[in-house]
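Please open the model in your viewer with the sequence panel beside it, and keep a cartoon view and a stick view ready to switch between. The stops below begin with the whole chain and then move to single residues.

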Amino acid sequence: IGLHEMAELIMSPKLVPVPLAPDYCHSLCVWHDRAVPFVDLAPLIGQRPRNNTQLALVVTYFSRSNNEQRWGALGLSTYFRIVSVGDDAACQLPKDSPAWPAIAHSCFQLADENVPILNLDALFERRLALPH
């Protein structure tokens, strides 16, 4: 995601389960007395969900439907890195999951890895119907 989309890193986030929610968005994260949707990318991209989330990154984005500022939280398995990339680093989305086209704007190459750039509006505002 872009640096301007990061709001706060939370250690040991308080998560409130949401019954009957999709496995990738099974909880709300309590942040500054608000409940924001919590997304675990692992099930979306075909990996096992994390059982014990120790870190959550609160993100901000503008909803395409009404251009209103919104917040969400992403579960993290480790601390993130901030890197600068240019247009010359653009590459194809990884082929390891059919979900990437639905949840990523684009992709850049970092060393030998293709790193998707998440589309937060798509991730938090739409109910994703992805092939399993």
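How many helices and how many strands does the chain have? In this predicted model, the chain has 3 helices and 8 strands. Colour the cartoon by secondary structure and follow the chain from its start, and the elements appear in the order β-β-β-β-α-β-β-α-β-β-α. The chain is as compact as a globular protein of 132 residues, because its radius of gyration is 15 Å, close to the 14 Å that the globule rule gives for that length. If you turn the C-alpha trace onto its principal axes, the spans to look for are about 40 × 30 × 30 Å.

**The whole chain**

Stay with the full view and add a surface. The accessible surface comes to about 8300 Å², and carbon and sulfur atoms hold 52% of that area. Buried residues make up 39% of the 132 residues. Among contacts with a sequence separation of 6 or more, 46% join residues that are 24 or more positions apart. Now select the charged side chains, of which 10 are positive and 13 are negative, with the centres of the two sets lying 6 Å apart.

**Two loops with a positive phi**

Select S12, which is found in the loop between β1 (6-11) and β2 (14-17). Its phi is near 55 degrees, a positive value in a residue other than glycine. S12 counts as exposed because its relative accessible area is 52%, and the cut-off for that class is over 50%.

Then select A111, in the loop between β7 (104-110) and β8 (113-118). A111 is not a glycine either, yet it has a positive phi of about 60 degrees. With a relative accessibility of 69%, A111 is exposed.

**The cysteines**

Show the cysteine side chains as sticks. How many disulfides does a search of the whole structure find? The search finds 0 disulfides. C25 is in no disulfide, and its nearest cysteine sulfur, that of C29, is 11 Å away. Move next to C107, whose closest cysteine sulfur is the one in C91. Why is there no bond between C107 and C91? The two sulfurs are 3.5 Å apart, which is too far for a bond, since a disulfide needs the pair within 2.5 Å. C107 itself is buried, with a relative accessible area of 4%.

**From strand β4 to strand β6**

Select R34, in strand β4 (residues 34-39). R34 is partly exposed, at 38% relative accessibility. Which residues does R34 contact, once its neighbours within four places in sequence are left aside? They are C29 and W71. R34 and W71 are 37 residues apart in sequence, and their C-alpha atoms are 9.6 Å apart in space.

Go on to G72, which is found in strand β6 (residues 69-76). Is G72 buried or exposed? G72 is buried, with a relative accessible area of 0%. Beyond its neighbours within four places in sequence, G72 is in contact with V36, P37, L57, V58, V59, Y61 and F124. For a distance to draw from here, pick V83: it lies 11 residues from G72 along the chain, and the two C-alpha atoms are separated by 22 Å.

**Two loop residues and P98**

Select V18, in the loop between β2 and β3 (27-31). V18 is partly exposed, with a relative accessible area of 30%. Not counting residues up to four places away in sequence, V18 touches H26, S27 and L28. Draw a distance from V18 to P98, which are 80 residues apart in sequence and 25 Å apart from C-alpha to C-alpha.

The last stop is G46, in the loop between α1 (41-44) and β5 (55-62). G46 is exposed, with a relative accessible area of 68%. Draw the distance from G46 to P98 as well: these residues are 52 residues apart along the chain, and their C-alpha atoms are separated by 8.7 Å.

Key:
Residues are numbered from 1 along each chain as its sequence is written. This is a predicted model: local features need pLDDT of at least 70, side-chain atom pairs count only at pLDDT 80 or more; totals for chains, interfaces and linings use all residues. Side-chain values use heavy atoms; hydrogens and water are left out. Helices (H or I, at least four residues) and strands (E, at least two) are DSSP runs, numbered from the N terminus. The radius of gyration is taken over C-alpha atoms; the globule rule is 2.2 Å times the number of residues to the power 0.38. Buried means under 20% relative accessible area, exposed over 50%, partly exposed in between (1.4 Å probe, protein chains only). Contact means heavy atoms within 4.5 Å. Accessible areas come from the Shrake-Rupley method with a 1.4 Å probe; for residues, only the protein chains shown count as cover. Lys and Arg count as positive and Asp and Glu as negative; His and the chain ends are not counted. The place of a charge is taken as NZ of Lys, CZ of Arg, CG of Asp or CD of Glu.
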